[in-house]
Number of protein chains: 2
Amino acid sequence: MTLDPHLTIENYQTALKEGSAEPYDWWHYCAACIEKREPEVQAWEALAPRLPALPSEVDVGSVPLYGVPVGIKDIIDTTDMPITWGTRGYLSSPGAQLNAALVTLLEENGALIMGKTVSTEFAYFTPGKTHNPHDPTRTPGGSSSGSAAAVAAGMVPLAFGTQTAGSMIRPASYCGVFGFKPTFGTLSCDGVKPFAASLDTLGWFARHIDDVCTTFSALTKAPPIPALDNLKGVRVGIRSLPVDEPLAPDVKQALANAQERFENAGAEIVPLSLDARYEALVEHQKVVMAYEASQALASEYHHYAAQMGIKLVELIEEGRATSFERYIEAKRATSQMQQTLSQVFSEQVDIILAASAQGEAPKGLDATGDPIYCRAWTLLGVPCLNLPSSQGSAGMPVGVQIIADRWQDKKLLQVARTLMKMS
Amino acid sequence: MTLDPHLTIENYQTALKEGSAEPYDWWHYCAACIEKREPEVQAWEALAPRLPALPSEVDVGSVPLYGVPVGIKDIIDTTDMPITWGTRGYLSSPGAQLNAALVTLLEENGALIMGKTVSTEFAYFTPGKTHNPHDPTRTPGGSSSGSAAAVAAGMVPLAFGTQTAGSMIRPASYCGVFGFKPTFGTLSCDGVKPFAASLDTLGWFARHIDDVCTTFSALTKAPPIPALDNLKGVRVGIRSLPVDEPLAPDVKQALANAQERFENAGAEIVPLSLDARYEALVEHQKVVMAYEASQALASEYHHYAAQMGIKLVELIEEGRATSFERYIEAKRATSQMQQTLSQVFSEQVDIILAASAQGEAPKGLDATGDPIYCRAWTLLGVPCLNLPSSQGSAGMPVGVQIIADRWQDKKLLQVARTLMKMS
């Protein structure tokens, strides 16, 4: 078969079963793409030192990610590659004693780990070396910079990142790919460096909504998620958080495009207002993130504060200065609003459509953009999916995110798959 | 000053400030206790290879745990001691690249890490070598076996463990010490081997309620927790979960003793019934634990299943066979019951008094007892404190646990401190 950037995981599995593709074909294709694109994009911190083994106990194509090349963010442990946690040298390890749980889960599903993708420093704001594949003078976003860029550049069909504030949705929007942050707690973070334990969520990027769905089913051992005939009966509410942040024209256009596609697919756009308590979640997220990061990075701060990026030091010191009472206040507000939002989801809407980011990927590589539109949703633990939606005024991709209630990931993905099929 | 097992952290700090004690006095006293008691109790997996340094930038007695010897469970990373995760050899590491966040936090507070205490295998059921200090033919409980036993035997005033089902409260009850599991998420688990990420909670054992309180204030940078004059106005509801488990006579007596002490202190015993949905939480906890453990230990299982204890293998295989839908059902029920219980705590009771364990520490070292009375509370994430309450029919300690709503740890500890002062 001819491999191209439009190939989906399902199609590759079919080709493997029919004998029209060999197990390492996609790997070699991706290796060639990396060779071509990496000098410009610089998405990779390390590449696999050798061709990974496929599970010996299974037949070709009998596990859902058989032969699928995958990138993983360089805050995730592997035994066979070094890890730098985005520190660019002041802290690193030649490899972990055991693979992170995610890596074993991927390998059991037949995936081939292609390499470690660039992360910002400990998945916070200090950027790595990665460029936006659509315009190398712009940031790919962060903190899952390399994973988003590698997928957008066609180097791998699938790559994993984490989101603590907006580290999946924002780079997905900037790079024009699907980025899925499942419900908090869906995948084990064993072997992933914690930043803020009650926020950190493993997610993945793909160029195809089909691949987002296939990966979800594979990793949760859940049934496949077929597209529906249309979106009749699906209630969509449009609401970005915080609402007091004026939306940029590019973002308004992306939301309008998405709204039109939802309407064309038969969904009903319904009014949705979220009160000031939801707005407050943006600040609560900052408190939780600072407080927890100052704990989780206590040892790193103790030894390496002098080498750390200034923004990270500021965050840790902010966290250290945050009172336990203020932290509890944020945690309580979160619990309460999770319940309140669940009622909104059961009574008023099925899906919320919201801004992913403030616009196109900003110019320059010295910052990764602002996660402002993701903070509240991440704090609430709800599943969020970036849909590439439109082109901004500079021709760069602009995405929107769609959101469902906690543990309604399957519904969210089904709506997205149906929408993409009908668009 | 003369050191003895009744010394509290506060008294030691006073002695340090007054110059009647030297910074390493308690360390040397504990080292002598260990030399004497360790051959029988076997609480330690490793002892610190040298006298730890005290923070150079602070004055004697100016940080709250200055010079306090502390044991930490051997699933917690340190750079200077080996770690075995309770595997008794099939997996170990000579030391981690960085200390766990907890270790750095303790050191910043002036604590002296005495050593690594024995854990069951990955903090599940396969026992380590530790004996109950009150009767070496009996289990100390688990999984935080060594930490509970070390404190009970007077080897250290303070030791840290984790609870995923009943791994703090049960050994505390069996060993006759205070065991505190704070609200889920209070302390960072960075550098602690995960078992079930939404349950794992760091906690600590002490012989004095004062020390439990001092430690809480130190680690959360929260104000001290003074005892009240009495417990007038405090509503106490008595309810063990599951309720359909008939209470053993020893446990009934421990609960009756505790009730009497509460009444004598002025508290009001109020009726409390928790419906069948609370009973169901015991099974939901098992589901969450199995599902999450099968994820978190995926790599260990992949490499070492043949060497693992049979119960751990069974749990992991149960988790692998558990559907994502069943897991979600348990998570949703948990969220719902957390809200419902919060209402109970705001409207009906301040404190719940419940069984800690099924009775005295069972005979034999081949098992660590049953966490049945802790599972629901751990799933709910509420703070739980074991109070030594009475002697059982064989003369062994029997504890009870008191429970408050999430993030009401301070209130729980204040009630306990008042109760102990008045008893």
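Tutor: Helices here are DSSP runs of H or I with at least four residues, and strands are E runs of at least two. The model is predicted.

Student: Over residues 63-413 of chain A, what share is helix?
Tutor: UniProt lists that stretch as "domain: Amidase", in an unreviewed entry. Its end C-alpha atoms are 21 Å apart. Strand takes 15% of the chain there, and helix takes 36%.

Student: What area do chain B and chain A bury between them?
Tutor: Each side has its own list of residues: the contact takes 44 from chain B and 44 from chain A. Carbon and sulfur atoms carry 51% of the buried area. The total is about 3,600 Å².

Student: Which three residues supply the most of the area that chain B buries against chain A?
Tutor: Together they supply 19% of that area, more than any other three residues. They are B:Leu98, B:Phe324 and B:Trp407.

Student: Which residue does A:Asp190 meet in a salt bridge?
Tutor: The count between chain B and chain A is four salt bridges. In this one, N to O is 2.8 Å, so the pair falls within the 4 Å cut-off. The partner side chain is B:Lys193.

Student: Which helix gives the most to the side of chain B that touches chain A?
Tutor: The interface has 18 residue pairs in polar contact, both residues at pLDDT 80 or more. Elements giving two or more residues to chain B's side include helix H3 (101-108), helix H8 (276-296) and helix H11 (324-347). The top contributor gives seven residues: H11(B).

Student: How many residues on that side of chain B are charged?
Tutor: The side divides into three classes. Nonpolar residues number 17 and polar ones 18. The charged count is nine.

Definitions and conventions. Residues numbered from 1 in each chain as written. Chains lettered and ligands numbered in written order. Predicted model: local features only at pLDDT ≥ 70, side-chain atom pairs only at ≥ 80, totals over all residues. Heavy atoms only, no water. Contact = heavy atoms within 4.5 Å. Buried area = accessible area lost by both parts, 1.4 Å probe. Polar contact = N/O pair within 3.5 Å; in protein donor to acceptor, adjacent residues only side chain to side chain. Nonpolar A, V, L, I, M, F, W, Y, C, P; charged D, E, K, R; others polar. UniProt positions renumbered as here; feature names shortened; annotations may be inferred.
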